[in-house]
Every structure is written in C-alpha cells, then in structure tokens.
Amino acid sequence: MSVTSRSTISDGHGAGLGAQYLGAAAVWGASFLFIKVAVGGLSPAQVVLGRLFFGALILAIIMLVTRRRWPRGLRVWGHLTAIGALMCVVPFLLFSWAAQYLPAGLSSIYNATTPIATMLVALAILPDERLTKIKTAGLFVAAGGVILVAAPWDALTDTANGTFVWAQVACLGGTTCYGLGFSYTRRFLRGHDYDAITVSASQIGAGAIIILLLTPFIGTGPVTLNPGIVGSILILGGVGTGIAYIWYTNVINAWGSTMASTVTYLTPIGGVILGVMVLGETIRWNQIAGGTVVIIAILIGQGRLRPPQRRRGTGINTGTQKIGHDEDQSADIKTR
C-alpha cells in the first residue's frame with residue numbers, strides 16, 4: 001500500500017497546507033464533541049450508521065471525480081472488510097457508547113493512547129516488530145498515564161459509578177481496535193499498490209455496509225433529531241471521516257508522515273477545550289496530567305525523546321534521533 005501524488009486534491013503548499021493540517025486536527029479533536037451531541041438523540045449504532053454513510057458517500061464521490069479504480073479480487077475485499085470492521089465499526093461503536101457516560105474531553109484523551117495500543121498489538125502479531133528498550137520505556141510510561149487518567153482510586157470509593165469505569169474500558173477497547181486495524185493493514189495489504197484514499201474509501205464503504213446490516217438488530221430505538229444532532233452527524237461523516245483524511249493525505253505528501261503525525265498531539269487539546277467551552281464539562285487535574293504523560297510516552301516509544309548522542313572523540317552533539325516506521329506514525333491518525 002502506498003500513498004502517491006494522486007492522493008493530492010489541492011496544490012498543498014504554503015498557508016493552504018497549514019490550514020489543512022490545523023483543519024484536520026480541529027475536526028478530529030471536535031469529533032468527540034459531535035459524538036456527545038449525537039448520542040443525545042440517537043443510539044450509538046445509529047450514530048455510527050450516519051457517520052459511516054456520509055463518510056463513504058464523500059469518499060465515493062472523490063473516487064469518482066478523481067477516476068480512481070476500486071480494488072479488485074475477493075481476497076483483497078475480504079481484508080478491506082476486516083479492516084473496516086476493526087478501524088471503523090467496532091471502535092466507533094465503543095466510543096459512541098462511552099460518550100453516553102463520559103465527558104467528550106476525557107474520551108479525546110483516551111483516544112490519544114492509540115499509538116501505544118498500536119505498538120502493543122504490532123509487537124504481538126507482527127514478526128518484524130521487536131521490543132526495544134525505548135519501546136519498553138514508552139509502554140511503562142503510557143501505563144502510568146492511563147492509570148492516572150482512569151483514577152482507579154476513585155472507583156474503589158465510588159461503587160455506584162461502575163458504568164463510568166466501563167465507559168473508560170470501552171474507550172481503551174476502541175484504541176485497541178485501531179491498533180489491530182493498523183497492524184492488520186500492514187500485514188495483509190503490504191505490496192498492494194493502493195493509495196490512501198482508495199484504501200480509506202474501500203474500508204469505510206465496507207464498514208458502512210456492515211453497520212447497515214447490524215442496525216436492525218443493535219440500532220433500534222427512538223430517534224430524536226434537531227439541528228445540532230443532524231449537523232453533528234454530517235460533520236462526523238462528511239468532514240471527519242471523509243474530507244479531513246484528504247487534508248491529512250496532502251500534508252503527508254508535502255511534509256512527510258513523521259511531521260504529519262504530530263496532529264495526534266493536537267486532537268486531545270481540541271477535544272478538552274471544546275468539551276469545556278461548549279458542553280460545560282469539567283476536566284480534572286489527573287486527566288490533564290495523565291493525557292500529558294501518554295503523549296510523552298508516545299514520544300519516547302517513537303524514539304523522539306532521547307538525549308543527544310556524542311560522537312566519540314569529537315565531543316560534538318549529533319542530536320540524531322531514531323524515528324519509528326512511517327507506517328506506524330501515519331497510522332496513528334486514521335482513528336477518528
């Protein structure tokens with residue numbers, strides 16, 4: 001699977017490129033706000049159905065306008081369907097269910113653990129992944145950050161708040177699905193010459209079909225629509241699951257996936273700020289501190305927080321850092 005220049009919809013230079021980068025960060029950070037608003041009138045499955053339908057529609061239109069060819073072969077479509085379930089259907093359902101009980105800002109903080117979950121899954125199922133000292137340190141720091149966010153000491157004293165705890169577990173389950181999806185993509189789609197837009201349109205389209213088939217069984221319930229809920233679904237699907245990924249692809253082409261992956265660090269900030277300003281949520285000190293620790297763990301695990309090395313005999317700092325695989329870092333973003 002490769003990302004080629006064909007995935008660029010605009011020229012991707014100057015201020016326009018910076019606007020696309022910030023736009024993707026803003027939309028993905030705000031996605032947890034939109035999910036929170038949408039579950040006020042729709043069931044989690046109905047939210048996911050609307051999100052994937054409009055996302056698939058926008059990406060299908062882009063495929064048509066840019067004259068891309070859809071993948072061929074039952075085997076490839078089988079893998080894409082599995083990726084659609086792992087990357088879209090299951091995690092979207094888990095985050096939507098959790099949104100009924102968690103602040104939007106807290107969900108966005110948990111979403112920031114996606115690179116750590118990806119690292120853990122890759123170590124478990126990819127034969128070319130090895131547990132290095134740097135990755136081990138990142139995993140231990142991340143575990144401390146998650147514990148700080150979850151505040152298990154509160155659960156021990158508040159036995160009536162069990163649903164809140166399970167909602168946090170659901171968020172971690174969602175990020176684990178993202179990790180499984182990224183690793184599955186690397187293992188089974190490697191060698192196929194499909195660009196990012198083609199893979200995204202295919203997996204989101206497959207995910208839309210899956211949730212459409214499941215909705216009569218898990219998505220029944222009253223539907224309450226108002227401008228806020230309708231707007232949230234349209235933005236979640238058409239922009240967050242469609243257009244924003246095109247923006248991000250443009251940034252990858254121009255800046256490289258290493259620099260583009262830094263959008264991961266901005267989305268929790270937007271999620272927390274919007275939750276507080278729009279929904280009047282209260283974010284506790286341990287959640288901010290834990291989210292910061294998780295981001296530090298990501299930097300450690302990717303080899304970005306290492307002391308500068310000295311050349312032997314020269315006393316000159318090289319400042320060289322080992323950057324993780326571009327596939328892993330670009331995969332961190334496709335999680336909203």
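This passage describes the helices, surface and cysteines of a predicted model.

The chain contains 14 helices and zero strands. Read along the sequence, the succession of elements is accordingly written as α-α-α-α-α-α-α-α-α-α-α-α-α-α. Of the contacts in the chain with a separation of 6 or more, 87% are between residues 24 or more positions apart.

The chain has 336 residues, and 51% of them count as buried. The accessible surface of the chain comes to about 15400 Å². Carbon and sulfur atoms account for 68% of this accessible surface.

A nonpolar patch of about 540 Å² is present on the surface. The patch is made by Ile-269, Ile-273, Val-276, Met-277, Val-278 and Leu-279. One of these residues, Val-278, lies in helix 12, which spans residues 267-279. Val-278 has a relative accessible area of 51% and is therefore classed as exposed, since the exposed class begins over 50%.

The cysteines were examined for disulfides. A disulfide is a covalent bond between the sulfur atoms of two cysteines. With a pair of cysteine sulfur atoms required to lie within 2.5 Å, the count in the chain comes to zero disulfides. Two cysteines can be described by their accessibility. Cys-88 has 0% relative accessibility and therefore counts as buried, the limit for that class being under 20%. Cys-171 is likewise buried, at 0% relative accessibility. In this respect Cys-88 and Cys-171 stand in contrast to Val-278, which is exposed.

Terms used. Residues are numbered from 1 along each chain as its sequence is written. This is a predicted model: local features need pLDDT of at least 70, side-chain atom pairs count only at pLDDT 80 or more; totals for chains, interfaces and linings use all residues. Side-chain values use heavy atoms; hydrogens and water are left out. Patches are made of residues with over 30% relative accessible area and no salt bridge: like charges are joined within 9 Å, nonpolar side chains (Val, Leu, Ile, Met, Phe, Trp, Tyr) within 5 Å. Accessible areas come from the Shrake-Rupley method with a 1.4 Å probe; for residues, only the protein chains shown count as cover. A salt bridge is a side-chain nitrogen of Lys or Arg within 4 Å of a carboxyl oxygen of Asp or Glu. Helices (H or I, at least four residues) and strands (E, at least two) are DSSP runs, numbered from the N terminus. Buried means under 20% relative accessible area, exposed over 50%, partly exposed in between (1.4 Å probe, protein chains only). Contact means heavy atoms within 4.5 Å.
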